[in-house]
Amino acid sequence: MSSADQVRMATDIAAQFRHLPPEDGVAAIVTHLRSFWAPSMRAQLVEVARSRPETLDPLVRAAAERLDDDGPAG
Amino acid sequence: MPLLREPDRGTPARPDGAPVDVVVDGLSVTVPEGTSVLRAAAEAGVEVPKLCATESLEPFGSCRMCLVEIDGRRGTPASCTTPVTDGMVVHTQTPTVERLRQGVMELYLSDHPLDCLTCSDNGDCELQDVAGAVGVRDVRYGYAGENHTAEEKDTSNPYFDYDPSKCIVCSRCVRACEEVQGTFALTITGRGFGSRVAASGGESFMDSECVSCGACVQACPTATLQERTVVELGVPKRTVLTTCAYCGVGCSFKAELRGDQVVRMVPHRDGGANEGHSCVKGRFAWGYAIHPDRVLSPMVRDTTEDDWVETSWDEAIARVVDGFARLQAEHGPGAIGGITSSRCTNEEVYAVQKLVRLGFGNNNVDTCARVCHSPTGYGLKTTFGTSAGTQDFRSVAKADVILVIGANPTAAHPVFASRMKRRLREGAELVVIDPRRIDLVRSPHVEAAHHLQLQPGTNVAVVNALAHVVVTEGLVDQGFVAERCEGFAEWAAAIAAPENSPEATEAMTGVPAAEVRAAARLYAGAANAAIYYGLGVTEHSQGSTMVMGMANLAMATGNIGREGVGVNPLRGQNNVQGSCDMGSFPHELPGYRHVGDPANREAFEALWGRPIQAEPGLRIPNMFDAALDGTFRGLFIQGEDVAQSDPNIQHVHAALAAMDLVVVQDLFLNETAEFAHVFLPGTSFLEKDGTFTNAERRINRVRPVMPPRTGKHEWEVAGEIAAGLGHAFGYPDASAIMDEIAALTPTFAGVSFALLDRLGSVQWPCNDSAPEGTPIMHAAGFVRGLGRFVPTPFVATEERTTRAYPLLLTTGRILSQYNVGAQTRRTENVRWHPEDVLDIHRADAELRGIADGDWVHLASRVGQTAMRARLSDRVPPGVVYTTFHHPESGANVVTTEHSDWATNCPEYKVTAVQVTVAEHARPEGVERSPSPPAVPV
């Protein structure tokens, strides 16, 4: 699937948690992605965060970076 | 079993009364206060003749057959309308009452055809039975007087005839239409000898307000209202108890047969969900199961350009096995997956998810709940701890205020709607939250106290505004919240913010602030207030948020954990609840347990003998995206027509076309089969052996009326594919599958076919703590312990109207058709809805030069289609509405990629569109093209 789909969906998720303090919002996004997204989808998001971080919503970027820290499975 | 005739004790039970002792013909019997003498006699084993009385209807006292004598009372009262009193002594067989009954029967027979021996009801006619019981030997009036025996039949309805010549004007049909169905389509016109049953204002049944539920036919004691199939085939001889395969109400039916031929489907009075009622679909539209379009043999083809070739099961399964194995070898274990059917049994669905997890070795399994109630699963699990509704259907009888949000139950859950309307006629108040003026807003003896006619896409703003009123006006049930919930303070602080007030949201939602405040006060002030909701809640970009918002509202007002309250999803499909229960989700095993927890996987791995992936798999939309990316190459589709029912269908078609192996298991060659390489014939509900789980978590048996016409049960097919991949299932029968489900799934631990045979049905959880099931959930505590308040900030959908697409399209269903219409379009139900039409407000139509009945283009930024317009004031200006029952109309050509943020449930209910006059009638096929530039209006 195209990374654009992942970015769009992750941005939608981030919008739901924007009311939280940023650290809590990032944590909520990461928890959601780990619980519900297949590893391949998380990997595509991580790749965008690596190659084009400026295109991501700040919360999404922070969440993707945290997934990147998890290793290959994201 | 032989033909099942439930005992008819004449009048409804009155279970709540104090015990009363009565003597009937010398027999002592104790019955609850309020019971009729007629019913008390039946309980004592004494059958009193009756014609206008029947157990499903309130007593009427018109036929004068059930007369009795009572010690200490004058005259011969009708036993149906006479309640028992303590110490009453009743005589049902005295010379006086026998003489009176014979006289009354003579009057009936003097105005009745004497064609018993050739009548379609011969042997099944209550008039015939009662005439025999009262011992009539002569009709002293003769038959030459004025009579009605030459009146003509009304054969307008495709399923039943109305023969007024045989009518005894008992009014059972009229009362059934009022009390049971709630449509009030029938009446008695005229007086005395001129009294006749009339549909609406004397129209034919087909032209009247009759919704063809069959309640009148079932109530009729003669052949006046008779199923066509009985007229053609004869009175049935045996019964198989089974469950309807249409909607999430899950009506229990008696399939009545002669030999192996189904004569009719009659609602089972002891059915827990429906208690003897039905709708036009389950009652009459079962003929699709034996339709000539049924594919009964497997078929294969190398490419989708080739013609189908019939083949053997062995060959077809070998092709499936070899194909999937090759794709995994070439593209990796995650390159294939499966979609389970929400219309198949729990056992069949369990078998397919097991095929995916055990046979394919991944978690790429999903189900149609993805596109309907997946937000219910997310939202209720997050707030309450379990992904299901909180009540049983009976609970509505105790509700004082009912909120119907984004649902149209008279169309989509008609038998439940009948229960709801009965409660509303008794005085419960109704609030409807819907962009359309649904039937419930105003219908016979029912009127909503408030219709919050909101703009599509603003659900969360409205529910937040309701909650704002509850919190800021001191309407919170503080005791309930303190004892049973967590997170209230944070939630309340957020919801009390001014931006959530009705006044602040009015301009966006379109709902006057005063209406919101009044509705909130009504809901919060009720002793018992219940929320019922449907896809108008879930199929939005904030579907999950809205479910949590409703849960917050229910918790804040203490409306959880007893009868008459709750948060009740009206689940669409007959077994969508079951398919979710059975773990048809990429992230959850059966029983809603996350695959990431080793403790959850342990029992399955031990029994199945293979590790289960610990990471979530792909959801249906993700499968399509991955197919276009080239990483997802093969798909097993059980009973889902994704090429018609899923949104943005050009995208779906492209994804299916991109795959190397598409396997479709279904009854008919549907839209999805256009993209298939292997077609495996499926079984209808008349052939299945298993269980369905309805919207109230009720597990019902589905019993085979005939053996599989395809030669195999669907669970056997899944098992053979798994065996080909090296992982045999070894089930001897469907019962063994349920035994395995029970062994592995705590909420199903006590369920078995034997239990269901004994109890009829059971609502999960059913285990040691609740051996006969759980009608009401969260009674002592929430499943997760404390109910969790979750903040629900409103986030507007990305789908916005523009100058090019200035209208909002929302979609829904109607009564006579079901979903994509694969079943109902192959029945006479097409007479009611031969095509999908576009409802458009007169103001919008006038601006566009559209007249009623004109062909119009319906275009969005992703596609366009054409259909006829219908001018309607049910929709507000700016909103248009259509259904999706006919593939020709292609409503999902225009729906977009937007979806619920949590579950990817498609946002079917909010699509920005433009409507323009079509220069000519619909071209052949649906225009699956990108939209041309829209002409701004």
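This text leads through aromatic contacts, a strand barrel and a buried loop residue in a predicted model.

The aromatic side chains offer a starting point. Across all chains, a search of the whole structure finds 25 aromatic pairs. In one of them, the ring centres of Phe160(B) and Phe284(B) are 6.0 Å apart and the ring planes stand at 35 degrees, so this pair is classed as tilted. A tilted pair is one whose planes are neither under 30 degrees apart, as in stacking, nor over 60, as in an edge-to-face arrangement. Phe160(B) belongs to strand 5 (residues 160-162) of chain B, while Phe284(B) belongs to helix 7 (residues 280-284) of chain B; the pair therefore ties together parts that are 124 residues apart in sequence.

Solvent accessibility adds to the description of this pair. Phe160(B) has a relative accessibility of 1% and therefore counts as buried. Phe284(B), at 8% relative accessibility, also counts as buried, the limit for that class being under 20%. Both residues belong to one aromatic cluster, together with Tyr159(B), Tyr162(B), Phe205(B) and Trp832(B).

Aromatic rings in chain B also face charged groups. Lys354(B) places its charged end over the ring of Phe729(B), at 4.7 Å from the ring centre. Over the face of Phe753(B) lies Arg701(B), 4.0 Å from the centre of the ring.

The next feature is a barrel. In chain B, six strands close into a barrel with mixed pairing, in the order 33-37-34-36-35-38. From one strand to the next, the twist averages 45 degrees. Within chain B, strand 35 (residues 855-859) and strand 38 (residues 911-917) run antiparallel and are joined by four bridges. Val856(B) stands opposite Val917(B) of strand 38.

The last stop is a single loop residue. Asn363(B) is located in the loop that lies between helix 9 (346-360) and strand 15 (365-367) of chain B. Where does this loop residue stand, buried or exposed? With a relative accessibility of 0%, Asn363(B) counts as buried. A polar atom of the Asn363(B) side chain lies 2.9 Å from the backbone oxygen of Gln613(B). Leaving aside residues up to four places away in sequence, Asn363(B) touches Val356(B) and Arg357(B), as well as Pro586(B) and Val595(B). Its contacts also include Ile612(B), Gln613(B), Glu615(B), Pro616(B), Gly617(B) and Leu618(B). Gln613(B) thus appears both among the residues touched by Asn363(B) and as the owner of the backbone oxygen that lies 2.9 Å from a polar atom of its side chain.

How values were computed
Residues numbered from 1 in each chain as written. Chains lettered and ligands numbered in written order. Predicted model: local features only at pLDDT ≥ 70, side-chain atom pairs only at ≥ 80, totals over all residues. Heavy atoms only, no water. Phe/Tyr/Trp six-rings, centres within 6.5 Å; stacked < 30°, edge-to-face > 60°. Helix = DSSP H or I, 4+ residues; strand = E, 2+ residues; numbered from the N terminus. Buried < 20%, exposed > 50% of the residue type's maximum accessible area, 1.4 Å probe, protein only. Lys NZ or Arg CZ within 6 Å of the ring centre and 35° of its normal. Pairing = 2+ DSSP bridges. Axes fitted to C-alpha atoms, helices over the stretch in contact; angles between N-to-C directions. Polar contact = N/O pair within 3.5 Å; in protein donor to acceptor, adjacent residues only side chain to side chain. Contact = heavy atoms within 4.5 Å.
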